[in-house]
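Reader: I'm used to gels and columns, not coordinates. Could you walk me through how to read a protein model?

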Amino acid sequence: NFSLPADTTREERERERERDSLRTTMPSLSSWFFTTLLCFLDVTFAGDPYVFYDWTVSYTSASPLGVKQKVIGINGQFPGPTLNITTNWNVVVNVKNNLDEPLLLTWNGIQHRKNSWQDGVSGTNCPIPAGWNWTYEFQVKDQIGSFFYFPSLNFQKAAGGYGGIIINNRPVIPVPFGLPDGDITLFLSDWYTRSHKDLRKDVENGVDLGVPDGVLINGLGPYRYDDNLVPNGISYQIINVEPGKTYRLRVHNVGISSSLNFRIQNHNLLLVETEGSYTVQQNYTNMDIHVGQSYSFLVTMDQNASTDYYIVASPRFVNSSWARATGVAILHYSNSLGPASGPLPSLLGEDDPSFSINQARSIRWNVSAGAARPNPQGSFKYGDITVTDVYVILNRPPELINGKWRTTLNGISYFPPSTPLKLAQQFKILGVYKIDFPNRLMNRPPKVDTSLINGTYRGFMEIIFQNNDTTVQSYHLDGYAFFVVGMDFGVWTENSRSTYNKWDGVARSTTQVFPGAWTAILVSLDNAGIWNLRAENLNSWYLGQEVYVHVVNPEKDTDENTLPNNAIFCGLLSSLQR
């Protein structure tokens with residue numbers, strides 16, 4: 001990274017941006033240059049800094065589980081590089097698609113205030129064709145915390161392409177804990193040695209994904225903790241630490257469909273943040289992290305280092321046939337006396353969803369801490385706001401609709417039109433979508449359709465997810481952080497509201513829903529745009545378990561950013577593509 005000198009004139013800065021634009025469109029000139037350029041510009045956004053990244057997304061070879069396979073890397077890295085930025089910075093990422101199929105990257109948890117054009121999902125963007133490049137430009141307005149990005153199309157996430165996003169506090173906003181001695185990111189993922197193309201064919205044909213071939217930690221396979229389960233010669237992650245020091249661990253479940261329990265042998269996990277919200281600080285011996293979720297823990301190296309220690313990520317609510325699907329890394333003190341050995345740290349209640357749901361309920365919002373702004377998080381008293389819209393959204397396992405395997409929400413399996421919703425809205429093209437998604441399951445056969453939720457701008461929406469599937473499902477809403485106010489087993493009823501937490505329910509963007517259970521969220525619809533609400537479990541999402549929330553200010557269309565100058569056109573607007 002480097003900065004332009006403080007005394008650089010505006011004209012010089014503009015010329016530098018033009019030169020950088022040439023570099024990003026001419027890889028032969030930029031390959032020797034830099035990946036990341038940090039420029040402080042006072043041209044727009046009241047002087048908020050810009051950071052530039054130049055990424056090439058391509059296949060690369062790796063053998064995380066001892067079997068050579070193609071994975072998706074960014075600039076040759078798997079996992080990809082981390083966006084390390086600060087509240088209100090402007091991020092410019094030039095993405096070159098060197099895959100053999102179209103690509104979009106989405107930024108899990110980034111709210112893109114008034115700018116769903118940058119969301120990177122099929123309803124907002126035309127895909128980047130193979131061999132093309134496209135530049136994302138967005139501001140991380142009023143956000144802090146731990147997030148990640150990943151490819152959103154064609155089951156590509158099962159091959160990698162993911163990386164971390166760290167949004168640091170501005171210096172004027174205190175962090176509600178001491179400065180850690182280090183900052184470490186861990187990506188947890190269930191993993192298959194079959195290609196993402198083979199996996200998506202199986203899903204299309206109604207074939208269950210089956211037991212994963214393993215669980216990766218930072219793209220690497222397990223430490224050989226058991227000679228019968230782990231073959232020799234597999235590379236594993238080693239986290240090097242100093243005794244007595246405290247580290248911040250940002251842990252993400254970037255996997256396909258498995259809820260994973262994270263734990264470190266003989267060490268407590270002090271939870272401090274999840275998906276952009278500071279939490280009440282509590283110690284846990286382990287944490288269930290469901291697909292798409294992110295957590296920050298402070299971990300103090302307070303053991304005697306007689307050996308190294310296991311770092312474990314193991315699937316939840318499964319049987320013994322899943323034993324090989326356990327991720328194991330090593331925590332290595334600088335004064336360690338020997339390698340880790342013996343059994344992995346046990347997990348009490350591993351088959352009991354009640355343990356997990358009670359743990360989830362214990363995660364609370366730190367109402368006295370500031371986050372992106374100086375005022376305390378709890379100054380937004382969500383429990384006092386009148387609800388304007390209620391949606392009870394029920395899922396079902398895959399079923400045949402018109403001869404094809406599909407998943408549904410309220411009986412509708414989402415059909416992605418060839419023209420993205422945002423472009424159809426912008427150019428007033430009729431017939432691409434309907435704003436008629438039902439607020440409850442209707443008594444009619446399931447169908448495939450492009451039906452959107454009609455969100456009231458500046459309304460306050462209550463969404464209840466009812467999980468009729470047999471596995472934990474997690475749901476993510478782009479553009480917002482919502483408040484998780486309740487979850488329980490059984491069927492949600494109006495009386496369930498009496499159990500809601502209306503004071504310090506944590507604000508986040510991804511929540512789990514246990515099988516045969518419900519989860520309730522509240523969300524303030526203050527961000528105009530068209531926003532994706534999806535199952536994060538990749539097999540459920542791929543077969544149609546998503547919907548878009550249409551939030552438009554009917555009086556003032558300037559509440560949204562305009563169509564980007566570099567927009568790609570496709571579908572009914574293909575003729576506009578330059």
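Reader: Let's start with the folding elements. How many helices and strands does the protein chain have?

Author: Keep in mind that this is a predicted model. The protein chain has 33 strands and six helices. Its radius of gyration is 23 Å, close to the 25 Å from the globule rule for 578 residues, so the chain is as compact as a globular protein of that length. If you like to think in boxes, the C-alpha atoms fill one of roughly 65 × 65 × 50 Å along the principal axes.

Reader: And what share of the residues in the protein chain is buried?

Author: Buried residues account for 58% of the 578. You can also look at who touches whom: take contacts between residues at least 6 apart in sequence, and 76% of them join residues at least 24 apart.

Reader: What about the outside, and the charges?

Author: About 22,900 Å² is exposed, with carbon and sulfur atoms supplying 51% of that. As for charge, count 45 positive and 52 negative side chains; the centres of the two sets lie 4 Å apart.

Reader: Which residues does the "domain: Plastocyanin-like" annotation cover?

Author: That comes from an unreviewed UniProt entry, which places the annotation on residues 57–170, 183–336 and 419–556. You can then check spans against the model. Residues 57–170 are 0% helix and 42% strand, with end C-alpha atoms 31 Å apart. For residues 419–556 the figures are 8% helix and 41% strand, and the end C-alpha atoms are 25 Å apart.

Reader: Now a single residue. Is Ile 74 buried or exposed?

Author: The idea is to compare relative accessibility with a cut-off: under 20% means buried. Ile 74 comes out at 0%, so it counts as buried. This residue is found in strand S3, residues 69–74.

Reader: Which residues does Ile 74 touch, leaving out those up to four places away in sequence?

Author: Its partners are Trp 55, Thr 56, Val 57, Gly 80, Pro 81, Tyr 149 and Gly 161. Sequence distance and space distance are separate things to read: Ile 74 and Gly 160 are 86 residues apart in sequence, yet their C-alpha atoms are 9.3 Å apart.

Reader: Can you show me another isoleucine to practise on?

Author: Try Ile 166, in strand S9 (residues 163–168). Its relative accessible area is 7%, so Ile 166 is buried. Beyond residues up to four places away in sequence, Ile 166 touches a list of residues including Leu 83, Ile 85, Asp 183 and Arg 250. For Ile 166 and Asn 133, the sequence gap is 33 residues and the C-alpha atoms are 24 Å apart.

Reader: What should I look for in the backbone itself?

Author: Most peptide bonds are trans, and most residues other than glycine have a negative phi. Here, the bond from Phe 78 to Pro 79 is cis, with omega near -5°. Pro 79 sits in the loop between S3 and strand S4 (83–86).

Reader: Where do Asn 218 and Glu 275 lie?

Author: Both have a positive phi to look at. Asn 218, with phi near 55°, lies in the loop between strand S11 (214–217) and strand S12 (238–241). Glu 275, with phi near 50°, lies in the loop between strand S15 (269–274) and strand S16 (277–284).

Reader: Are those loop residues buried or exposed?

Author: Asn 218 is buried, at 12% relative accessible area. Glu 275 is buried too, at 5%.

Methods: Residues numbered from 1 in each chain as written. Predicted model: local features only at pLDDT ≥ 70, side-chain atom pairs only at ≥ 80, totals over all residues. Heavy atoms only, no water. Helix = DSSP H or I, 4+ residues; strand = E, 2+ residues; numbered from the N terminus. Rg over C-alpha atoms; globule rule 2.2 N^0.38 Å. Buried < 20%, exposed > 50% of the residue type's maximum accessible area, 1.4 Å probe, protein only. Contact = heavy atoms within 4.5 Å. Areas by Shrake-Rupley, 256 points an atom, 1.4 Å probe, with all protein chains shown as cover. Lys, Arg positive; Asp, Glu negative; His and termini not counted. Charge placed at Lys NZ, Arg CZ, Asp CG, Glu CD. UniProt positions renumbered as here; feature names shortened; annotations may be inferred.
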